[in-house]
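Colleague: Could you take me through the ligand site in this one? I'd like a close look at what surrounds the ligand and where it sits.

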Amino acid sequence: MTVKVGLIGVGPVGDRIVRCLKERDFPLAGPLRVMATRYRREILGDEEFEVHETSAELFAGLEVVFFAGREGAKGASAQWAQTAIESGAYCIDNGSDFRLDPSVPLVVPEINMDEVTADTKLIASPNCSTTQLVVALAPLHRVAGIKRIVVATYQAVSGWGQAAVEDMQRQLPQYVNGEAVEFDPAVFARPIILDCIPHIDRFTDGGYTKEELKMVNETRKILNMPDLPITATAVRVPVDIGHAEAINVEFHEKMTAQQATEILSDPQHAPGVVVIDGPTQDPNVVSARDAPEELQYPTQADVKKDEYKDMVLVGRIRQDETVDSGLNMWVVSDNLRKGAATNVVQIAEEMIKRGILG
Ligand SMILES: NC(=O)c1ccc[n+]([C@@H]2O[C@H](COP(=O)([O-])OP(=O)(O)OC[C@H]3O[C@@H](n4cnc5c(N)ncnc54)[C@H](OP(=O)(O)O)[C@@H]3O)[C@@H](O)[C@H]2O)c1
């Protein structure tokens, strides 16, 4: 059984989708059909692809199309998802255009894959910061019931696309050489190098950014808790890849830090999660810092390791002593992989397993 696959968008997310399909041995029927706004040849993963200018006839014969284009009225899914569906393809969308549409499931395979049926022609994948949050919290929610979430994010520049990565890369040598740091105000409102910017996406009337509201609304939809009290502060940090989140979560039932560590360390209960916590395994760190109490924890650099690149890493699991049942935790994941590409490829893999695709 093989599947004829199309891809729209060749930014960092499109690139990671190509890599994921190859690494995970996705059963492709023939070459991947790659589209963007204009024709050229481009290296994606380690392979050169012909990138076509997107047009209706290119969808003929495709069984599934991964959308990794820009969002909004001129974006890829707004312009082409309906055409793809009419051509007979399932569409799996990385963008935000349809995430809150009640007729479109917003899917993280570890949590709510059952919302996808053969009739689900369009499937949305959550915002990167939402995905890692729900992958880490859903296993605890199943046991103790989440009462409230407060989250602050530390998000990589690649979350804002290739232009943002290039903006930071230009600023680094300028800073090191003592030159005036230039920035493109169309990307971030200030230089990102050696600074943290509490501003991701546009501001809305209440003072929250759209990124913060995405986390609120998407988490409620995925966990099927429309009234869940959840509040977020989203911050851009000068890291190329990987988002981190400081999460405070309160539960209805008892949940200790030890219980949470056990649940999140068990792949049956918490698929896709790796706990990196407890005494450090590195004797050099202990002796160099003369700190036998040193703990281990994940950072954004860890998501570049092969064994962690598709996982959600959890550390610093601590009891919140100010409430009856609550925890603080630190959650890290690759925004381009589990936050985007890996999640959409996993959705397609599950669709194959369930006989929906292929
Ligand atoms: N970056 C992340 O961490 C992340 C995480 C989760 C979700 N997402 C979402 O994933 C999507 C892709 O992200 P990215 O960072 O890879 O974006 P990006 O760097 O801006 O790249 C967007 C790509 O989409 C193509 N495109 C845009 N509009 C199109 C249209 N109307 N028709 C056909 N192709 C079109 C562009 O074509 P050209 O190259 O020809 O201009 C470009 O290749 C976005 O919706 C983003 O919000 C991103």
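**Around the ligand**

Modeller: Sure, and keep in mind that this is a predicted model. The ligand sits in the largest pocket. Three helices each give two or more residues to the shell around it: α1 (12–23), α2 (76–86) and α9 (337–353). Of these, α2 brings the largest share, with 3 residues. Zoom out to the domains and the placement makes sense: domain 1 (5–126 + 341–353) and domain 2 (130–335) both contribute shell residues, so the ligand lies between them.

Now for the residues themselves. There are 31 around the ligand, and the ones that come nearest are V10, T37, R40, G69 and E71. Sorted by class, the shell holds 15 polar, 11 nonpolar and 5 charged residues.

As for backbone contacts, G69 turns up again here: one of its backbone N or O atoms is 2.8 Å from an oxygen atom of the ligand. V13 has a polar backbone atom 3.0 Å from a ligand oxygen, and for P12 a backbone N or O atom lies 3.3 Å from an oxygen atom of the ligand. How much of the ligand does the protein bury? On its own the ligand exposes 910 Å², and the protein buries 89% of that.

So, if you're rotating the model, start from G69, which is among the residues that come nearest, then look for V13 and its polar backbone atom, and finish with the two domains that have the ligand between them.

Conventions
Residues numbered from 1 in each chain as written. Predicted model: local features only at pLDDT ≥ 70, side-chain atom pairs only at ≥ 80, totals over all residues. Heavy atoms only, no water. Near = heavy atom within 4 Å. Polar contact = N/O pair within 3.5 Å; in protein donor to acceptor, adjacent residues only side chain to side chain. Areas by Shrake-Rupley, 256 points an atom, 1.4 Å probe, with all protein chains shown as cover. 1 Å grid on protein atoms, 1.4 Å probe; cavity = no way out; pocket = protein on both sides within 12 Å on 5 of 7 lines; lining within 4 Å. Sits in = over half its atoms within 2 Å of the grid points. Helix = DSSP H or I, 4+ residues; strand = E, 2+ residues; numbered from the N terminus. Nonpolar A, V, L, I, M, F, W, Y, C, P; charged D, E, K, R; others polar. Domains from an automatic or database assignment.
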